[in-house]
Amino acid sequence: MSEKKKKFYITAPLYYVNGEPHIGHAYTTIVADVLARFYRHELGDNNVYFLTGTDEHGAKVAEAAAKRGMEPQAFVDKISAQFKAVWQELEVTPNDFWRTTDPAHIKIVVDIINTLKQAQTPAGNDVLYEADYEGLYCVGCEKFIFASELVDGKCPLHNKVPEQVKEKNWFFRLQDFLPTIKKFIESDQLLIYPVSRKNEVLGLIDKQTLPDFSISRSIKSVPWGIDLPWDKTQKVYVWVDALSNYITALGYPNGKLYKKFWPAEAQIMALDILKFHALYWPAILLALKLPLPKALYIHGFFTIDGQKMSKTIGNVIRPDELVQTYGPDVTKYLILSQFSFGAESDIKVEDFPKKYNADLVNGLGNLVSRVTNMIASYLDGHVSVDKKKIKPVGAAEIINFKFREALLSIWQLIQQANSQIDQTKPWELAKSIVPADKKKLKQILEYLAQDLYQIAAALEPFMPDTSAKIIRIITAKKISKPAEPLFPRKQ
Ligand code: MSP
């Protein structure tokens, strides 16, 4: 984090609108939201900016629109609205929801492309040049793909035979920027976390087989995109269009937000788009003479019960359905507590009900109802808690992208408090007429109330509604017996 400015700019990707949002998109966005909420608390609302949105141009999106018999713009409006709606349902709180078909974005992309056209590489070459390309293109990845990357002649990520294309394009001279990018990555000035992903990128650079990348596609193959300003036979390559969002959304080059927030402290994504963010994006920024982001945080690609998530297999998990069953807070808890950030991740939805009952109904929910019941019965609802005594439980883990571990440390407190009740048996002390026992009872309940306050505070970035509810209960002038459980038992 930038010490001087005390600000935090965090980005999740702009998702393709070729299909509805699923749990993979949700994971990245929830992680970004946890950080945004955490840093808002630490640095103040005005010093944190969290961005996500939708990536709406290119062949992939145009094909999806055509398949549904819709005009591209009408189609992207529809799917983009679904993404926006699902983030609202999950109560994630981006400061802006940016769309690449927004005229404000398009205008700045055109300026950026024009600037690149004039720019020189560190070796004194033009950054952009025109050349013929003949080779393979994977529409699913929206990238030129090499025979060496194929498995059985297919793109391994999309299980599809790539298209053979032959076209004139404009190219970006990536080669000339690689030595500088390498230095940034090696020295962690551009941190790539976890280190295995950093090594993967350095390996790619060291292989010296990285070709330049195209910044345009022929309108014959991609009619849906931003016009290349000086060549109307070309559209801006969708990745150059999309990556620019991280600065266009801030009003680059003169916007107040841009001046305050760029460079980003954290750009979050899965490994599928690491190369674009770790090589192409820094190269574009260097060519524009702009600072690079501070860090890229890369998580694994989910499988569902061991299988790739796909519409054909029919195992796509929709976040809106999870929210309907569990509500936003619990959905976030269930997703984040399944595996560590960056690890290979298999989602086991069949574990969700068990985990809900164990951790939320019997764990946290039970603790809240036991403590409040006892305070209402034995202390006439009167107890004092002290905000100043709250410790930053889980904070170090959040800062280090260990979200599951942060939740584990909060749940350890919950367990400890529950077993303290079992051991000290306040209900027995309540029966005693010895004054020392009454004093002890009060002490124990005060201690437990403070624990609840502590737990609620630590939960805020993950489960904001639950956190607020518990704080409301525990800081009430007179605590009453809870009318309903925090988490209803599910069959
Ligand atoms: N539009 C580009 C990103 C441009 S950012 C300038 C894109 N979009 S995407 O819709 O395919 O989203 C990719 C991202 O969505 C991944 O990097 C990850 O954050 C999330 N995920 C999509 N599917 C996923 C899984 N199956 N598992 C985990 N995350 C996944 O690429």
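This report covers the ligand site, the strand pairings, the cysteines and some unusual backbone geometry of a predicted model.

## Basis

Residues are numbered from 1 along each chain as its sequence is written, and side-chain values use heavy atoms, with hydrogens and water left out. Because the model is predicted, local features need pLDDT of at least 70 and side-chain atom pairs count only at pLDDT 80 or more, while totals for chains, interfaces and linings use all residues.

Helices (H or I, at least four residues) and strands (E, at least two) are DSSP runs, numbered from the N terminus.

## Ligand site

The ligand has 24 residues around it. A residue counts as near the ligand if one of its heavy atoms lies within 4 Å of it. Leu 14, Thr 28, Asp 55, Asp 272 and Phe 302 come nearest.

Polar contacts are pairs of N or O atoms within 3.5 Å; within protein, one must be able to donate a hydrogen and the other to accept it, and residues adjacent in sequence count only if both atoms are side-chain atoms. A backbone N or O atom of Tyr 16 lies 3.0 Å from a ligand oxygen. For Ala 270, a polar backbone atom is 2.9 Å from an oxygen of the ligand. Asp 272 uses its side chain: an N or O atom there is 2.8 Å from a ligand oxygen. Taken alone, the ligand exposes 670 Å², and the protein buries 95% of that. Accessible areas come from the Shrake-Rupley method with a 1.4 Å probe; for residues, only the protein chains shown count as cover.

Five stretches give two or more residues to the shell: β1 (8-16), α1 (23-43), α7 (238-243), α8 (245-248) and β12 (266-270). β1 gives the most, with four residues. By type, the shell divides into 14 nonpolar, eight polar and two charged residues. Here Ala, Val, Leu, Ile, Met, Phe, Trp, Tyr, Cys and Pro count as nonpolar, Asp, Glu, Lys and Arg as charged, and the others, Gly among them, as polar.

## Strand pairing

Strands of a sheet pair through backbone hydrogen bonds, either parallel or antiparallel. Two strands are taken as paired if DSSP finds at least two bridges between them. Three strands form an open sheet in the order β15-β14-β16, with mixed pairing. β15 (307-308) and β16 (345-347) stand at the edges with a single partner strand each, so one side of each has no neighbour in the sheet. β14 (residues 302-304) pairs with β15 in the antiparallel sense over two bridges. Thr 303 stands opposite Lys 308 in β15.

β11 (residues 231-236) runs antiparallel to β9 (residues 216-218), joined by three bridges. Ser 218 stands opposite Gln 234 in β11. Two bridges also join β10 (residues 227-228) to β11, again antiparallel. Leu 228 has Asp 231 as its bridge partner in β11. β10 and β11 form a hairpin with two residues between them.

## Cysteines

The structure holds zero disulfides. The cut-off for one is a pair of cysteine sulfur atoms within 2.5 Å. Why is Cys 141 not bonded to Cys 138? The sulfur of Cys 138 is the closest cysteine sulfur to that of Cys 141, but at 3.8 Å it is too far for a bond. Cys 155 is in no disulfide either; its nearest cysteine sulfur, that of Cys 138, is 3.8 Å away.

Burial follows relative accessible area: buried is under 20%, exposed is over 50%, and partly exposed is in between (1.4 Å probe, protein chains only). Cys 141 is buried at 13%. Cys 155 is buried at 2%.

## Backbone geometry

Most residues other than glycine have a negative phi, and most peptide bonds are trans. The bond from Tyr 252 to Pro 253 is cis, with omega near 5 degrees. Pro 253 sits in the loop between α8 and α9 (256-261). Another cis peptide bond joins Trp 262 and Pro 263, with omega about 5 degrees. Pro 263 is in the loop between α9 and β12.

Lys 289 has a positive phi near 60 degrees. Its loop runs between α10 (274-287) and β13 (295-299). Lys 289 is exposed, at 69% relative accessibility. Phe 401 has a positive phi of about 60 degrees, although it is not a glycine. Phe 401 lies in the loop between α13 (395-399) and α14 (403-424). Phe 401 is buried, with a relative accessible area of 2%.
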